[in-house]
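Here are my notebook entries from a first walk through this structure. Come along and check each one against the view.

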Amino acid sequence: MKFHHHGYISEDPRVQIAHESCVDRNPDLPDEVDVLIVGAGPAGMITAAQLSVFPEIEARIIDVRDGRLPLGHADGIQSRSVETFQAFGFAEEVIEEGYRITETAFWKPDPDNPDHIIRTGWTDDDPNGLSEFPHLIVNQARILDYFRRFMGRQASRMPVNFGWEFRTLRINEGAEYPVECELVGSGAANKGEERTVHAKYVLGADGARSNVRTAIGAKNSRVISNHAWGVADILVDTDFPDAMTKAIINSNHGSILHIPREGGFLFRTYVDLGEVPEDDNHQVRNTPLEEIVAKGNKIMSPYSYQVKDVAWWSVYEVGHRVTERFDDVLPENRGSQDPRVFIAGDACHTHSAKAGQGMNVSMQDGFNLGWKLAQVLRGYSSPSLLSTYNAERQPVAQDLIDFDLEWSGKMAATGESDESIEDFYVRTWEFPSGFRTEYPPSLLIASDAKQELATGYPLGKRFKSYRVMRRSDAHDVHLGHLHEADGRWRIYVFADRPKADAPDSKVRAFGDWLKNSPDSPVVRHTKPGDDINSVFDVKVIYQQPHREFELGDAPEIFRPRVGKYQLEDKNEVFGIIHHPGIPEKRDALVPATTNMFQKEDIFEARGISRDGAVVVVRPDMYVAHITSLEDTESLANFFAPIFDLS
């Protein structure tokens, strides 16, 4: 992390100095806000955390609960989510705290004794090496804690306003704060108190029974509910051999999804309760815990478990729902009306819990929307930018539902099928790990990108990190891990073959254009008086090892002057990793040290042209454009409509 550029800091540098307007900030809910977020779950909290970075934005998040969530029910954390936590600065803590899933064991009926199960195999959790980040199990409540801590450390000091229930809203066109929200107190101190809050924008992250969704008239387009599961977090004595391993059990008596929890002793078990008759009228939800435990023991015979303590348990019917739209704009008004109200998370998509998608996809909803709201409210883009939220996230939710329908069917199946659950698990791993999302060409994804210049960075997909060597201090770092949730665009400049000081280096000409040309997005879209890297984080990666060029050989745009004293930032210039004679491999999450690798070449690993390339990455870490070092016009033309205020 970077600090001291505004002056010496002796306390925790993760705690930003409070903005002058927020030093004595009133924690009570104000009458007017730029953004009102309804629901302090994963989707709402990540949106609030992103907006908290900007003290000039008055954003608040409310929740019907009277305080912190004590126990989370959605606890599976995808690799993509951990990657996102890295941008918010708490990935390492979550990794240390969580249970790390490294493999899954599969159990099926014993051919010699069909009433018993036997292990039929294992599969690695990330069989294709999609990420250097792990798949974790962590209490959802702890994730919300981390986001709330992040908010409290930002210059805005944004609080969570617990104890407020959203009732409804109306939009008053032409008003500065056009969305009029009716709230009622739900806490011990404000029970029944009525409030009206006016907002420029509203996000409904208020769950499957969303009042915000109801207020904007958005309908669920698909409902399926015909299978029931019992779920419990339990402390047990058991002789099951894979008690500390994620296990999928398909027996002749039903199925179990067994997931060890963080801490080393707690387990979550999903027990198949079978098909639910159409006229059941939700009576299956009254199934007692004792019946669930008995069914679980029958499924896993000859093994058994004795429950010693129950942290939480429930019965649910598998429901698959996706909302027809994720904002308040009716289909006939698309293109002529800008959205004011949005929904995210369970408010617009619900499904089974067994693929571990709910919290993860919800957070990506919020991450997608948060930086866009900030870019509009800070005066960099027109409100039309916000239409891209529905366009991008609604298809993702539909893909999620389609995937979960198939996955739920596999989980509940007994007997043989055309494809084993093990093969399906491996074949589709990109989806449950969170890396399936691929945004199509749009305002935010270039239609003229030159994919052949960086084949390892698929356009519209998340930027997959790789190690490089920082020239200034000889630290080997993951390039993608330097991406912070600060609303900035990333421009990664991959150099051509000549060395940094060579007269024929294309990077020299490109760097001069990026710093000085009136057509450069950095020049054109950075506000007067702001640091040159306030909107665009620009880095250069050379093809040579770091000892083969000098920091000063890099153009000035890669050595920006920042902060109160306009000090030169020497941390944006990189080379490939090369230490002759040293073994190449090590755990990607071990703290970085030098002299541990023989060679790691990002150009080779990510299919980057030796003639160089420019890779543009959005604030939410998705690849938005790829172009050559010579085609500056393409880069300028890509950013122009995004930053158009007309």
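**Entry 1: phenylalanine 510.** I looked up how much of phenylalanine 510 can be reached from outside, and its relative accessible area is 2%, so it is buried. I should add that this is a predicted model, and I read every entry with that in mind. Phenylalanine 510 sits in helix 10, which covers residues 506-516. I then asked which residues phenylalanine 510 touches, leaving out those up to four places away in sequence. The list is Val493, Val614, Leu629, Thr632 and Leu635. For a sense of scale, I also took the C-alpha distance from phenylalanine 510 to proline 395: 37 Å, for two residues 115 apart along the chain.

**Entry 2: helix 10 against helix 13.** Two of those contacts led me onward, to helix 13 (residues 632-642), which packs with helix 10 at an angle of about 30°. I noted 11 Å between the two axes. The crossing of helix 10 past helix 13 is right-handed. Which residues make the contact? From helix 10 they are Phe510, Trp513 and Leu514, and from helix 13 they are Thr632, Leu635 and Ala636.

**Entry 3: serine 52.** Next I went to helix 1 (residues 42-52), where serine 52 lies. Is serine 52 buried or exposed? Its relative accessibility is 0%, so I put it down as buried. I found its side chain reaching the backbone oxygen of alanine 49 at 2.7 Å. Not counting residues up to four places away in sequence, serine 52 touches Phe150, Met151, Gln154, Ser156 and Met158.

**Entry 4: the cysteines.** How many disulfides does the structure hold? I counted zero. Why does cysteine 181 have no bond to cysteine 348? The sulfur of cysteine 348 is the closest cysteine sulfur to that of cysteine 181, yet it is 17 Å away, which is too far for a bond; the cut-off I used is 2.5 Å. Cysteine 348 is likewise in no disulfide, with the sulfur of cysteine 181 as its nearest. I checked exposure too: cysteine 181 is buried at a relative accessible area of 0%, and cysteine 348 counts as buried at 1%.

**Entry 5: a three-stranded sheet.** I traced an open sheet whose three strands run in the order 3-7-4, with antiparallel pairing. Its edge strands are strand 3 (76-77) and strand 4 (99-101), each pairing on one side only. Strand 3 meets strand 7 (residues 135-137) over two bridges, in the antiparallel sense. In one place I could name both partners: glycine 76 bridges to isoleucine 137 in strand 7.

**Entry 6: backbone oddities.** Here I kept a general rule beside me: most residues other than glycine have a negative phi, and most peptide bonds are trans. I found a cis peptide bond from serine 301 to proline 302, with omega near 20°. Proline 302 is in the loop between helix 6 (289-299) and strand 16 (305-317).

Alanine 474 has a positive phi, near 55°. It lies in the loop between strand 20 (467-470) and strand 21 (475-478), and at 23% relative accessible area it is partly exposed.

Glutamine 566 also has a positive phi, about 50°, although it is not a glycine. I located glutamine 566 in the loop between strand 24 (561-562) and strand 25 (567-568). Its relative accessible area is 35%, so I wrote it down as partly exposed.

Notes:
Residues numbered from 1 in each chain as written. Predicted model: local features only at pLDDT ≥ 70, side-chain atom pairs only at ≥ 80, totals over all residues. Heavy atoms only, no water. Pairing = 2+ DSSP bridges. Helix = DSSP H or I, 4+ residues; strand = E, 2+ residues; numbered from the N terminus. Buried < 20%, exposed > 50% of the residue type's maximum accessible area, 1.4 Å probe, protein only. Contact = heavy atoms within 4.5 Å. Polar contact = N/O pair within 3.5 Å; in protein donor to acceptor, adjacent residues only side chain to side chain. Axes fitted to C-alpha atoms, helices over the stretch in contact; angles between N-to-C directions. Left-handed = near helix turned anticlockwise from the far one by under 90°.
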